[in-house]
Protein chains: 2
Amino acid sequence: MTNKDARTPASTQNPTETSEAVEAGKSIGWHKAYVEGSRPDLRVPVRQVHLTNGQSVTLYDTSGPYTDPLVDTDVRRGLAPLRENWIVARGDTEEYAGRPVRPEDDGIKHTSPRGGLRNLDAVFPGRPRLPRRGREGKAVTQLAYARRGEITPEMEFVAIRENVSPEVVREEIAAGRAVLPANVNHPESEPMIIGKRFLVKVNANIGNSAVTSSIEEEVEKMTWATRWGADTVMDLSTGRNIHTTREWVLRNSPVPIGTVPLYQALEKVDGKAEELTWEIYKDTVIEQAEQGVDYMTVHAGIRLAYVPLTANRKTGIVSRGGSIMAAWCLAHHRESFLYEHFEELCEILAAYDVTYSLGDGLRPGSIADANDEAQFAELRTLGELNSIAKRYNVQTMIEGPGHVPMHKIKENIDLQQEICEEAPFYTLGPLTTDVAPAYDHITSGIGAAMIAWWGTAMLCYVTPKEHLGLPNRDDVKTGVITYKIAAHAADLAKGHPGAQEWDDALSDARFEFRWEDQFNLALDPDTAREFHDETLPAEPAKTAHFCSMCGPKFCSMKISQDIRREHGGSRTEIEEGMAQKSREFAAAGNRVYLPIAD
Amino acid sequence: MTNKDARTPASTQNPTETSEAVEAGKSIGWHKAYVEGSRPDLRVPVRQVHLTNGQSVTLYDTSGPYTDPLVDTDVRRGLAPLRENWIVARGDTEEYAGRPVRPEDDGIKHTSPRGGLRNLDAVFPGRPRLPRRGREGKAVTQLAYARRGEITPEMEFVAIRENVSPEVVREEIAAGRAVLPANVNHPESEPMIIGKRFLVKVNANIGNSAVTSSIEEEVEKMTWATRWGADTVMDLSTGRNIHTTREWVLRNSPVPIGTVPLYQALEKVDGKAEELTWEIYKDTVIEQAEQGVDYMTVHAGIRLAYVPLTANRKTGIVSRGGSIMAAWCLAHHRESFLYEHFEELCEILAAYDVTYSLGDGLRPGSIADANDEAQFAELRTLGELNSIAKRYNVQTMIEGPGHVPMHKIKENIDLQQEICEEAPFYTLGPLTTDVAPAYDHITSGIGAAMIAWWGTAMLCYVTPKEHLGLPNRDDVKTGVITYKIAAHAADLAKGHPGAQEWDDALSDARFEFRWEDQFNLALDPDTAREFHDETLPAEPAKTAHFCSMCGPKFCSMKISQDIRREHGGSRTEIEEGMAQKSREFAAAGNRVYLPIAD
């Protein structure tokens with residue numbers, strides 16, 4: 001079955017709406033609507049844009065209940081657990097006491113001179129909950145369900161979101177070509193899918209570091225990122241309060257949350273890589289799985305023998321996880337504990353339906369290091385680990401680079417798809433040049449669009465602060481918007497049915513000078529409106545047949561419209577009016593100048 | 001001859017420098033230097049970046065004398081005419097009285113209710129000059145010189161800039177694969193070349209409109225754009241004071257200036273397209289050629305018969321010039337006067353060495369219209385006109401789209417190169433999606449990088465204000481930087497020898513925590529420094545082995561360095577230290593897990 005068969009344009013769907021919401025939304029040009037599935041508790045959110053010509057356009061929506069004026073949200077309470085009934089109804093998981101939360105989970109050790117939590121109020125005050133895991137002998141991952149032919153509510157939800165049949169979703173997950181990250185302990189999340197047959201997804205990284213930022217800021221960054229279109233969020237906190245920050249983020253996140261457990265594990269050994277052990281790492285993974293982390297980056301592909309391959313690199317190892325594991329391997333002169341305990345790790349992840357994101361610890365950090373021996377040696381190991389994970393029914397995606405010049409990008413996705421049996425590729429950019437710090441959202445947006453066109457399923461955003469500092473709120477927005485552009489450009493290039501409807505609606509609005517529609521359909525309506533109003537703030541300019549770019553006399557689209565009006569609207573009518581003249585020209589060979597022979 | 005044979009890395013050159021300039025420059029990390037050619041008046045400017053490790057990196061420089069502290073510039077006097085002696089020495093041009101400047105050249109007509117120049121001081125006060133043109137029977141274009149085997153000082157200048165042999169420059173110009181826009185009346189310009197064998201170039205558009213901006217602003221935008229790397233500037237003014245604005249811009253511009261004469265011609269007939277005549281257009285071209293415009297966009301490819309092809313388009317005709325000519329053709333029901341008088345126009349352009357930029361009046365203005373019949377019909381006519389222009393020794397480049405989804409980009413450059421006998425392609429973006437007004441520098445930067453990789457010679461920038469309003473100073477900078485990224489990414493992908501040295505130097509600085517070097521080598525040092533200092537403003541942070549992104553404990557590059565330090569710096573040393581362990585692993589088949597068969 002081709003995509004074309006399976007997909008129908010979003011706008012043919014008929015979202016349910018309350019008149020109150022519609023009226024509230026219309027005043028700002030769009031409102032949150034829901035497409036109902038086969039059961040009343042399966043409601044897929046969409047962004048319904050109301051055009052001034054009476055039509056409407058339905059767009060994919062990642063912003064969660066926060067943009068629904070009829071839902072009362074409170075970050076201290078958390079989001080409603082929309083998947084809880086589905087999970088419980090399957091009857092294959094059980095609640096249990098769970099691992100006790102310890103002070104060191106938040107980086108507080110009696111041996112540490114750093115003292116306690118700065119702000120005890122920071123402990124998440126929401127409803128008490130027990131963690132849940134698969135019952136003994138039960139395979140509770142979406143991959144397991146898909147393999148045995150079951151279409152879960154999560155799959156149906158995703159099918160509606162993507163405008164494909166639920167069977168396509170099931171098939172792609174069963175084949176390992178797509179993942180649906182959905183930890184049983186994160187019932188607040190709205191199901192989404194990552195795979196090359198589906199819309200290209202965007203991840204936004206948030207997280208504090210030892211140097212800066214607070215819990216409140218991270219929760220705010222998460223809701224802000226999803227507001228602008230982030231499909232998943234990774235909490236990469238490395239500073240204090242890691243456990244508590246993550247709890248706040250998870251309980252309030254409508255999108256899957258990813259982490260790198262190694263970062264927290266390292267905090268627990270006071271930053272000394274050589275003191276890491278499998279036991280500490282395993283305990284951290286369970287801690288995070290119980291909280292509800294949906295996918296985890298695991299740097300199990302960086303093996304002892306690969307470390308020397310990086311010695312002559314220009315920028316060594318630039319992945320934090322990669323460098324930690326390399327340091328550990330060298331300190332102990334032994335194979336990575338992640339690699340050696342990979343099967344045990346699979347068993348843990350399977351019990352919670354945590355998805356693997358197999359990390360590329362040896363990704364190139366500069367143009368000079370792209371596609372080198374170290375990088376591809378690790379990729380081959382990731383292929384090996386992908387096969388093992390599948391044996392344990394663990395959903396798996398593969399991380400990719402990094403810094404890669406344009407002519408070396410395609411080899412990355414082609415090789416990954418071959419080695420990893422078409423498992424979803426999840427790339428950071430790639431950055432197509434090293435020379436533009438402060439603009440690496442752009443250097444990488446170029447590479448991201450290209451690699452997504454060629455099959456990458458999810459793009460990890462890069463913000464303007466990359467290489468320079470932690471992104472603030474504005475940087476997060478710029479990163480997300482840039483990557484939504486890359487993702488949508490790829491959707492168009494891949495010919496995803498329905499993708500071009502968005503462009504067409506906006507271009508129609510542009511040609512017909514429906515300025516408000518143009519703003520409301522834009523990826524970032526606020527900035528589009530602000531830029532327009534900078535030179536033409538008056539209300540009449542919103543319906544004017546020109547903008548300040550060319551002024552009224554020179555607007556090409558106005559002239560185009562005048563031509564149509566004066567000479568008839570259709571091609572036939574214009575041709576009719578020109579028939580006589582055309583005949584004259586045809587008689588003269590239709591050219592004034594003859595082409596030159598050489 | 002391949003590029004590899006012809007080019008040598010920029011840094012192997014030995015720029016002349018005065019110790020005063022070096023000292024002045026060192027305090028800010030770089031200084032303006034010059035590489036001397038075969039004669040003392042042939043001095044090619046470069047940007048010499050001084051690294052804290054004692055090395056230096058030489059970068060291409062477009063900023064003109066303004067960044068040389070030893071040159072006293074004054075916009076009221078204009079730049080020194082560096083090419084004047086070369087032009088005069090050739091003895092094939094002559095000064096003449098020139099066309100008298102009329103009030104309507106600045107949009108002031110007695111029939112107009114709009115009154116006189118707002119500010120009479122605006123008349124350019126610089127040195128009086130007479131226009132110059134080729135003597136009767138003399139071919140004074142760089143193409144003519146190249147064809148007869150002459151290497152002009154302009155060609156030598158360009159060869160030094162591009163690190164190629166002068167003969168390569170001559171060959172590429174003679175073959176029509178490159179242009180060196182250099183009107184004999186713009187002796188202030190520093191020669192540069194546009195062709196696929198050379199570094200990808202970037203054009204920045206400036207110009208007022210009927211709605212906004214002043215002469216001062218436009219001159220400022222021009223120097224600002226070249227400061228950040230614009231290789232040429234197009235003055236697209238459509239409002240008042242067109243002639244005077246252009247005079248100020250030309251006399252102060254170190255880069256070639258392009259225009260669209262049709263815009264000014266239309267002003268002379270009060271914006272009524274149907275009142276345009278060949279005589280008014282021709283007079284405007286001569287007016288601008290006498291001022292020194294280096295290249296002109298001429299929409300001679302939009303023929304009467306093509307207009308109906310646009311009737312069913314989503315966004316009609318979006319080129320201003322295109323829509324004006326279409327309106328004229330339909331109003332008169334006759335063939336375009338530009339097409340009919342093209343040979344006469346060639347004679348005029350040849351006399352001043354004005355380069356053609358054959359406009360794509362039917363470029364697509366939306367994803368829906370990309371690569372359609374109208375667009376490619378016009379392209380075939382541009383191929384025909386390109387051959388005619390070459391007959392008249394007029395240098396010629398071809399303009400390209402526009403809005404094109406990624407999978408349709410390559411067809412544009414491939415077809416253009418075939419139809420136009422490899423004449424330089426000069427594209428606007430292309431924009432890879434329509435859905436992101438306010439971010440079209442990014443939607444188009446993606447397409448620009450790709451099409452440049454595949455052979456486009458010059459990229460016309462798009463600013464964040466595209467579709468919304470006139471760019472201000474910040475927008476101009478953002479547009480230029482975005483396009484320099486696209487151009488450099490393409491230079492890397494094309495494997496231009498020397499191009500990667502810049503990336504390598506910056507990555508070395510990054511890996512070695514030489515923050516100041518990283519900033520000074522950046523495309524935009526100011527913003528890179530500002531972003532870093534936002535979270536770590538203290539001076540010691542400039543030498544710290546971490547940034548606020550990950551903090552001190554998690555810096556992967558620090559860990560990489562620690563690994564090298566502890567285990568020996570070279571691959572051999574690390575391997576040595578690991579030899580024993582490696583042998584053990586080799587004995588065990590070098591893997592813990594065996595690959596799965598299926």
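Start at the largest pocket of this predicted model. Select His441(A), Thr478(A), His441(B), Thr478(B) and Phe531(B): among the 29 lining residues, these lie nearest the pocket's centre. The volume is about 840 Å³. Now colour the lining by class: 10 residues are nonpolar, eight polar and 11 charged.

Next, show the helices around the pocket. From chain A, pick H16 (440–453), H17 and H20 (525–535). From chain B, pick H16, H17 (473–493) and H20 (525–535). Each of these helices supplies at least two residues of the lining.

Keep two of them on screen: H17 of chain A, residues 473–493, and H16 of chain B, residues 440–453. Their axes come within 10 Å and cross at roughly 45 degrees. H17(A) and H16(B) are therefore oblique to each other. The crossing is right-handed. Which residues meet here? On H17(A), select Thr482(A), Ile485(A) and Ala486(A); on H16(B), select Ile442(B), Thr443(B) and Ile446(B). By class, this contact has four nonpolar residues, two polar and no charged.

Last stop: chain A alone. Select H8, residues 242–251, and H10, residues 278–291. The axes are 10 Å apart, at an angle of about 30 degrees. That angle falls under 35 degrees, so H8(A) is roughly parallel to H10(A). H8(A) passes H10(A) in a right-handed crossing. Turn on side chains for His243(A), Arg246(A), Glu247(A), Leu250(A) and Arg251(A) in H8(A). They meet Glu287(A), Gln288(A) and Gln291(A) in H10(A). This contact divides into one nonpolar, three polar and four charged residues.

Conventions. Residues are numbered from 1 along each chain as its sequence is written. Chains are lettered from A and ligands numbered from 1 in the order in which they are written. This is a predicted model: local features need pLDDT of at least 70, side-chain atom pairs count only at pLDDT 80 or more; totals for chains, interfaces and linings use all residues. Side-chain values use heavy atoms; hydrogens and water are left out. Axes are lines fitted to C-alpha atoms, for helices over the stretch in contact, and angles run from 0 to 180 degrees between N-to-C directions. Helices (H or I, at least four residues) and strands (E, at least two) are DSSP runs, numbered from the N terminus. Angles under 35 degrees count as roughly parallel, over 145 as roughly antiparallel, 65 to 115 as roughly perpendicular and the rest as oblique. A crossing is left-handed if the near helix is turned anticlockwise from the far one by less than a right angle, and right-handed if clockwise. Contact means heavy atoms within 4.5 Å. Ala, Val, Leu, Ile, Met, Phe, Trp, Tyr, Cys and Pro count as nonpolar, Asp, Glu, Lys and Arg as charged, and the others, Gly among them, as polar. On a 1 Å grid over the protein atoms alone, a cavity is a set of points where a 1.4 Å probe fits but cannot get out, and a pocket is an open set with protein on both sides within 12 Å along at least five of seven lines; lining residues have an atom within 4 Å of a point. Grid points are joined across faces, edges and corners, and a volume is the space filled by probe spheres set on the points.
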